[in-house]
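User: I am new to this structure and would like a close look at a single part of it. Please set out the whole chain briefly, then go through one strand and one residue within that strand.

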Amino acid sequence: QLVESGGGLAQSGGSLRLSCAASGFTLDYYALAWFHQVPGTERDWVGCITSSSSTTRYSDSVKGRFTISRDNANNTVYLQMNSLKPEDTAVYYCAADLSDYYCSAYKQGYPYEYKYWGRGTQVTVSS
């Protein structure tokens, strides 16, 4: 089970840090990703980190503002969001998969590439 936390309301230009904690399994061997979704639209890839943390990749819309990190000792992955914009408003989901293949590839990520999902946490950025 993956459980996201840390969402809430932030002002434009502000910061939030999302956490995603795993229970029932260890994240050490999993590639991890973050996606976001606005109601009525597709779930879009934000970025990912490989199991060894050797590779992190981001969508163009968040590159330079968001950072993904993982703490295997605490079985948690983080999404540090800085310089927030109103268009970052969405439900944010973490996802995990045993394969590093897709996160290692130089391309946009897609939901079908990840087997395990959290239920999401709402992020709202006011202008």
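Analyst:
**A strand and its two partners**

The chain of this predicted model contains 1 helix and 11 strands. In sequence order the elements run β-β-β-β-β-β-β-β-β-α-β-β. The radius of gyration is 13 Å, close to the 14 Å given by the globule rule for 127 residues, so the chain is as compact as a globular protein of that length. Along the principal axes, the C-alpha atoms fill a box of roughly 40 × 30 × 25 Å.

Some totals for the chain come next. Buried residues make up 45% of the 127. Among contacts with a separation of 6 or more, 60% are between residues 24 or more positions apart. The exposed area is about 6400 Å², and carbon and sulfur atoms supply 48% of that area. The chain carries 10 positive and 11 negative charges, and the mean positions of the two sets are 1 Å apart.

The part chosen for the close look is strand 3, which spans residues 16-22. This strand is mostly covered, with 5 of its 7 residues buried. Strand 3 pairs with strand 1, residues 2-5, through 4 bridges, and the two run antiparallel. Strand 3 also pairs with strand 8, residues 76-81; here 6 bridges join the strands, again in the antiparallel sense.

Within strand 3, the residue to follow is S19. Two residues stand opposite S19: S5 is one of them, and Y78 in strand 8 is the other. S5 and S19 lie 14 residues apart in sequence, while their C-alpha atoms are 5.2 Å apart in space.

S19 is counted as buried because its relative accessibility is 17%, and the cut-off for buried is under 20%. Leaving aside residues up to four places away in sequence, S19 touches V3, E4, S5, W34, T76, V77 and Y78. That list includes S5, which stands opposite S19, and Y78, which stands opposite S19 from strand 8. W34 is also among the residues that S19 touches.

One general point helps when viewing a strand of this kind. In a regular strand, side chains alternate between the two faces of the sheet.

To put the close look together: strand 3 is paired with strand 1 over 4 bridges and with strand 8 over 6 bridges. S19 sits in strand 3, opposite S5 and opposite Y78, and is buried at 17% relative accessibility.

How values were computed. Residues are numbered from 1 along each chain as its sequence is written. This is a predicted model: local features need pLDDT of at least 70, side-chain atom pairs count only at pLDDT 80 or more; totals for chains, interfaces and linings use all residues. Side-chain values use heavy atoms; hydrogens and water are left out. Buried means under 20% relative accessible area, exposed over 50%, partly exposed in between (1.4 Å probe, protein chains only). Two strands pair if DSSP finds at least two bridges between them. The radius of gyration is taken over C-alpha atoms; the globule rule is 2.2 Å times the number of residues to the power 0.38. Contact means heavy atoms within 4.5 Å. Accessible areas come from the Shrake-Rupley method with a 1.4 Å probe; for residues, only the protein chains shown count as cover. Lys and Arg count as positive and Asp and Glu as negative; His and the chain ends are not counted. The place of a charge is taken as NZ of Lys, CZ of Arg, CG of Asp or CD of Glu.
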